[in-house]
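User: Please guide me through this model one feature at a time, beginning with the general idea and then turning to the case at hand.

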Amino acid sequence: MRTGRRSPLRRRLRGIVVTLITAAFAFAGLTAIPAQAATTQCSVAYTTPSDWGSGFTANVVITNLGAAWTNWTLTYSYAGSQTLANGWSATWTQSGTNVTAAALSYNNNVATNGSVTIGANFNYSGTNTAPTVFAINGTVCGGAHQAPTVSITSPAAGATYTAPATVPLTATASAFNSATISSVAYYSGTTLIGSATAAPYSVSWTGVVAGSYSLTAVATDSTGATTTSSPVGITVSPSTNPAIVASPTSVTVAQGSTGTFGVTLSKAPTANVTVAVARTSGITGLSVTTGASLTFTPTNYNTAQNVTITADASSTGNATFTASATGYTSAAVTATETAAKGQYTQDFLTLYNEITNPANGYFNSQGIPYHSVETLMVEAPDYGHETTSEAWSYLIWLQATYGEVTGDWSKFNNAWTLMETYMIPSHAAQPTNSAYNPASPAQYAPEEPLPSDYPVATTTSVSVGNDPLAAELDSTYGTWDIYGMHWLEDVDNKYGFGDTPSGGCELGPGSANTPSFINTFQRGSQESVWETVTQPTCDNLKYGGKNGYLDLFISGSATPQWKYTDAPDADARAIQAAYWADTWAKAQGVESQVTTTVAKAGKMGDYLRYSLFDKYFKAIGNCTSTSCPAGSGRTSEHYLLSWYYAWGGSLSTSGAWAWRIGDGAAHFGYQNPLAAYALSTDTAMIPKSPTAQSDWSASLTRQLQFYQWLQSSEGGIAGGATNSWGGNYGTPPSGDSSFYGMWYDWEPVYHDPPSNQWFGMQTWSMERVAEYYYVTGNAAAGAVLKKWVTWAESQTTVNTTTGAWQIPSNLTWSGQPDTWTSTTTSVTNANLHVTVSSYGQDVGVAASLSKTLAYYGKKAGDTTASNLAKSILDVMWANDRDSIGITTPETRTDYSRFTQVYPSGTNSDGVFIPSGWTGTMPDGDAIAPGATFLSIRSWYKNDPNWSKVQTYLNGGAAPSFTYHRFWAQSDIAMAYATYGMLFNM
């Protein structure tokens, strides 16, 4: 049985609250415009990954296509007001509009076909036109080829239509030099609408249902270079006009296979209506085999009738199928035929079509993935239609897998662009970073175990260390802004914080009632989701109490401010996905199609290094009090992916201040050796900062040692380690073992429930080890996997004949590992043990387990592991499928906590509100002592499924739900693709 309190997403905010401090540095923001140049003797790839309106970063990759160089000098000119600010990896100078970059001693020799990468920051006003002519040592490289430009001209941003709408899409697109525009494709979120090959690149988007949409255009030129436009938001209002509705509006089918879409009517007819479905354009290899004629009656008009599209054995490409009837607005579906695949790969496509079908509810109309299809959901997010950085990372991974299967990389690129738009705070959302002082990152505030211990006070008497990353990142990217995902967003603005934006910092693109960043966990290791008070990330003191929500956490806080928390495992997963996208696209010979996005993943990895440092940058090792020494340089770096990093500042730019913190607590479940490997070895995504590659190389070694240190006698991996016992640099229990001086903690970070209780932490993390082992054959990773896989196999039961199956659900731990020092090479851990305390059918965890077994089995030649991977997939497909995914029922006894009042009996459960504190939520719900989870979220009582919970609260049976979590359904789909890819099935 699953409990709603066990999610690995929990505690993103544990202990991040601090009072902010002042600094003074300059700011610059970010956008991206790619370009490149080529000739027979040399080529220059020129891109502007960052452009903030008054300045930009230029990245230049020089490739020698002739005889070897023993020295080189690059020259080029700008056509506008661009002026050099600073540069790196070359000696940069400027005279008028002419720019020169000369080799340094370490990169002056460039072999034939060798490359060197340099970069610089520039200021400008007006138009930032890319240079078109480059020369090396006075010889022009040839006609420069700039990647295409594209901009949507119709519809206009903010346009409104009436459903079922026909939206005319047009764009301007330009190619450069001898290239031409091959196509312009339009997307709603990551869903392809259609494409055109000639100006004005018109596509008619028909049958659009009511909702808000984020549209982008992707231009591709004849060299294969692509550019994605800025998003354009539109709104489609409901209508009573009759229309045919098709869902999904796009289907992918492999050669020799079939795909389906459903057809309904938008309103009841007065008499029977016949709908004809036929191919109206595109390849002839796709055809309607069932459902060409559908009859709807006044009673069954809204019951979907399926149309089957069958692919022939040899075609590839797209076709449009139109459903039409007299007196009704028609509906169009785009079908894509891909090369033949095995059954498991086709199963992936089937599930992918279900997940991306807008009618199935996994996304909002802008393409943002919900945490779950269902709204009544409490686990880490306190509402199903919130989203998390975890969900975004799985979307990026899902679309990377789709690219591997189909060769279509536009969806992967668009997913990253949407993530940037909606989950990475813009400059307006982190407005005072320029006031950050790396010599004094934050004031110390202790963490306490119970919510009732809050608010806590900050103090300047506890020393904090220096931040060694900030200046380097600013120099590299020309901005003090952080490029990382905040962990939680209210997609539908259910709370209402998005109604009153604070300078735009609570919102994604758009106006009021758009998605808003929120925070929950913030009060110690015992604060479960049921005890949280949801608050805005940008607290302008409008809601909550007299000081907003701030003084629930930090005593005396009364200054409007913003704060964000990054979940490192999610950013690392997105980087992991980008690595696979780069690897798979390279194997397909189209690596250039993902280059820009993969480089962004490297940039994310640059900032992700904040998670490798102690919370207050104190020195790592043997810390037992707040008097532990402050760190300098790398002495505060533990090199492990910790539970979070966070940053914030004042909303006012008058007397501005800003802060940053890492985290001294590391959970094995967050480690990602494949991401560390990619960031230290893959030239396409090694971060640009000078010390980033060495940081990630050291992290890779440290992570592998961490797994070895924590492996139990049975094979399961124990919790983790902390440099700050109890979150306040306390004294650990006598005899506690350590890892490089960090103390062993069997339940690092959160305790309600224990953070290493859920078996999913095991599969998530070990899958990353298995992928790393599959790529590299690393012996240490292989040894850890072999022992873990043997244990996991012994605890897993699958009977494909009867359909019965179970995997571990909850784990208990005893003992501790042996101490690991800088000279340790192995441990026996004879006294560290794990026991499976319960079993269940968590389909997402089962999929992750299957992927782990498949990668390990393939590399090690272990047929027992690979066969079990297959059996898990087979038993779920045969027994647990429904119309929108794969799922099993869950009984939720923890939903009794909806109305739990603090204190609950003899424990401190319930929503703690300090005595005398009063306030309101945006909808008017009162916040005061005696509040409950439900009383400050009274809108839950209007949920369609609330009656099941109310019956339980009235003394009935615990409610059962079949949830469709986005991460789980994505992982399930990818498990089928993984098995198909590895074993050609």
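Analyst: Let us begin with the vocabulary: helices (H or I, at least four residues) and strands (E, at least two) are DSSP runs, and they are numbered from the N terminus. With those words one can place F617, which lies in the loop between the helix α6 (595-608) and the strand β35 (645-650). Please keep in mind that this is a predicted model, in which local features need pLDDT of at least 70 and side-chain atom pairs count only at pLDDT 80 or more, while totals for chains, interfaces and linings use all residues. Residues are numbered from 1 along each chain as its sequence is written, and side-chain values use heavy atoms, with hydrogens and water left out.

User: What is the phi of F617 near, and does F617 count as buried or exposed?

Analyst: Buried means under 20% relative accessible area, exposed means over 50%, and partly exposed is in between, with a 1.4 Å probe and protein chains only. F617 has a phi near 55°, a positive value in a residue other than glycine, and because its relative accessibility is 0%, F617 counts as buried. N984 is likewise not a glycine and has a positive phi of about 50°, but it lies in the segment after α14 (966-983) and, at 70% relative accessibility, counts as exposed.

User: Which peptide bonds are cis, with omega near 5° or near 10°?

Analyst: One is the peptide bond from S154 to P155, with omega near 5°, and P155 is found in the loop between β11 (149-154) and β12 (160-162). Another cis bond runs from Y454 to P455, with omega near 10°, and P455 is in the loop between α3 (410-423) and α4 (470-477).

User: How many disulfides does a search of the whole structure find?

Analyst: In general, a disulfide is a covalent bond between the sulfur atoms of two cysteines, and here the term is applied to a pair of cysteine sulfur atoms within 2.5 Å. The search of the whole structure finds 2 disulfides. One joins C42 to C141, with 2.0 Å from S to S. The torsion about that S-S bond is about -115°, so this disulfide of C42 and C141 is left-handed. C42 lies in strand β2 (residues 42-51) and C141 in strand β10 (residues 139-143), so the pair ties together parts that are 99 residues apart in sequence. C42 counts as buried at 3% relative accessibility, and C141 counts as buried at 1%.

Another disulfide joins C623 to C628, with an S to S distance of 2.0 Å, and with 115° about its S-S bond the link is right-handed. C623 counts as buried at 1% relative accessibility, as does C628 at 7%.

User: What order do the 4 strands of the open sheet have?

Analyst: Strands of a sheet pair through backbone hydrogen bonds, either parallel or antiparallel; here two strands pair if DSSP finds at least two bridges between them. The open sheet of 4 strands has the order β37-β38-β40-β39, with antiparallel pairing. Its edge strands are β37 (665-667) and β39 (738-739), each of which pairs on one side only. Strand β38 (residues 720-722) is joined to β40 (residues 742-745) by 3 bridges, and A721 has Y744 in β40 as its bridge partner.

The edge strand β39 contains S738, which is buried with a relative accessible area of 10%. Contact means heavy atoms within 4.5 Å; leaving aside neighbours within four places in sequence, S738 is in contact with W709, W743, Y744, D818, T819 and W820.

User: How many residues does the largest nonpolar core have?

Analyst: A nonpolar core is a set of buried Ala, Val, Leu, Ile, Met, Phe, Trp, Tyr and Cys residues joined through side-chain atoms within 4.5 Å. The largest has 205 residues, and those with the most contacts inside it are F348, M876, Y895, F898 and Y940. Apart from this core lies another, of 27 residues, among them L74, V110, I118 and I136. M876 touches W805, V843, A846, A847, R881, I886 and Y976, not counting residues up to four places away in sequence.
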